[in-house]
Amino acid sequence: RARGSVTGTITNHAGAPVFGASVWAEEAATGRLVASSITLSNGAYQLENLPPGKYYLKVEALDGPVLVSEIASQRGAYAGLASSPSGSFRTEELGEISVTADRTLRRNAQLSEKPAQLNPTLIGFNGQLSTLAVPLTPGRIHTIYVGGEGLNLKQLAEGAVTISSPYLSVNPSSITQQQFGANLSVISFDVAVSENAPAGDYSVRVQSATGEVAYVVGGLTVDASGVNP
């Protein structure tokens with residue numbers, strides 16, 4: 001089946017290219033993460049081999065769970081990224097796009113100058129946190145932990161945690177503050193997984209009371225084999 005692609009340039013509020021920003025696309029119908037790209041030194045990104053359809057496009061800084069140090073190299077396209085990273089900036093939701101077969105859609109974005117205050121970087125279950133995706137089993141309810149900066153319930157919006165998928169739902173009344181030490185803010189919440197949830201990776205979205213949003217991109221993965229953590 002013929003596929004399409006999305007390309008564009010990410011710039012900061014002053015119009016300068018952003019090196020090392022993470023751009024990703026989620027299926028509008030399922031919420032599954034289907035493609036991601038890291039911007040080059042000229043701010044360019046490209047998402048290739050996308051089936052025709054509607055997607056949501058988003059961009060955030062490489063400040064966790066994936067770090068600059070994990071992709072920076074001494075040679076090649078990302079040479080120098082470790083010494084000149086984009087730094088922290090607010091996550092931007094770039095809206096819905098329609099991909100058509102054998103065509104390249106261009107979508108540029110300019111980031112806000114407002115500094116990021118919300119940055120979930122760790123995810124886990126059973127009171128444990130890591131940068132690895134948490135496996136979910138269809139037909140079950142899982143208690144998920146997320147840790148990072150700004151995850152104080154007093155600073156979060158009502159129903160702050162969501163997953164943009166009709167197959168995964170967060171119980172807003174289950175969102176709870178956890179105690180993990182003075183240097184890390186942690187919340188937990190229950191995620192109900194539909195029995196017919198498609199296998200794949202999904203992102204956790206968090207919103208502050210001021211309207212800022214942030215993601216743990218691909219932090220949840222539905223495993224069709226039925227392995228339960």
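Student: Quick one to start: is Asn49 buried or exposed?
Tutor: Asn49 counts as exposed, because its relative accessibility is 54% and the cut-off for exposed is over 50%. Keep in mind that this is a predicted model.

Student: Okay, and where does Asn49 lie?
Tutor: Asn49 lies in strand E4, which covers residues 44–50.

Student: What about its backbone, what is the phi of Asn49?
Tutor: The phi of Asn49 is positive, about 60°, even though Asn49 is not a glycine. For background, most residues other than glycine have a negative phi.

Student: Which other asparagine should I look at for a positive phi?
Tutor: Try Asn126, whose phi is near 55°, again a positive value in a residue other than glycine.

Student: And where is Asn126?
Tutor: Asn126 sits in the loop that links strand E9 (119–124) to strand E10 (134–136).

Student: Buried or exposed, that Asn126?
Tutor: Asn126 is exposed, since its relative accessible area is 61%.

Student: Switching to the whole chain: how many helices and strands are there?
Tutor: The chain has one helix and 17 strands.

Student: How much of the chain is buried?
Tutor: Of the 229 residues in the chain, 43% are buried.

Student: And what surface does the chain expose?
Tutor: About 11000 Å² is exposed, with carbon and sulfur atoms supplying 46% of that area.

Student: Last thing, how far apart in sequence are the residues in contact?
Tutor: If you take the contacts between residues at least 6 apart in sequence, 70% of them join residues at least 24 apart.

Definitions and conventions. Residues are numbered from 1 along each chain as its sequence is written. This is a predicted model: local features need pLDDT of at least 70, side-chain atom pairs count only at pLDDT 80 or more; totals for chains, interfaces and linings use all residues. Side-chain values use heavy atoms; hydrogens and water are left out. Helices (H or I, at least four residues) and strands (E, at least two) are DSSP runs, numbered from the N terminus. Buried means under 20% relative accessible area, exposed over 50%, partly exposed in between (1.4 Å probe, protein chains only). Contact means heavy atoms within 4.5 Å. Accessible areas come from the Shrake-Rupley method with a 1.4 Å probe; for residues, only the protein chains shown count as cover.
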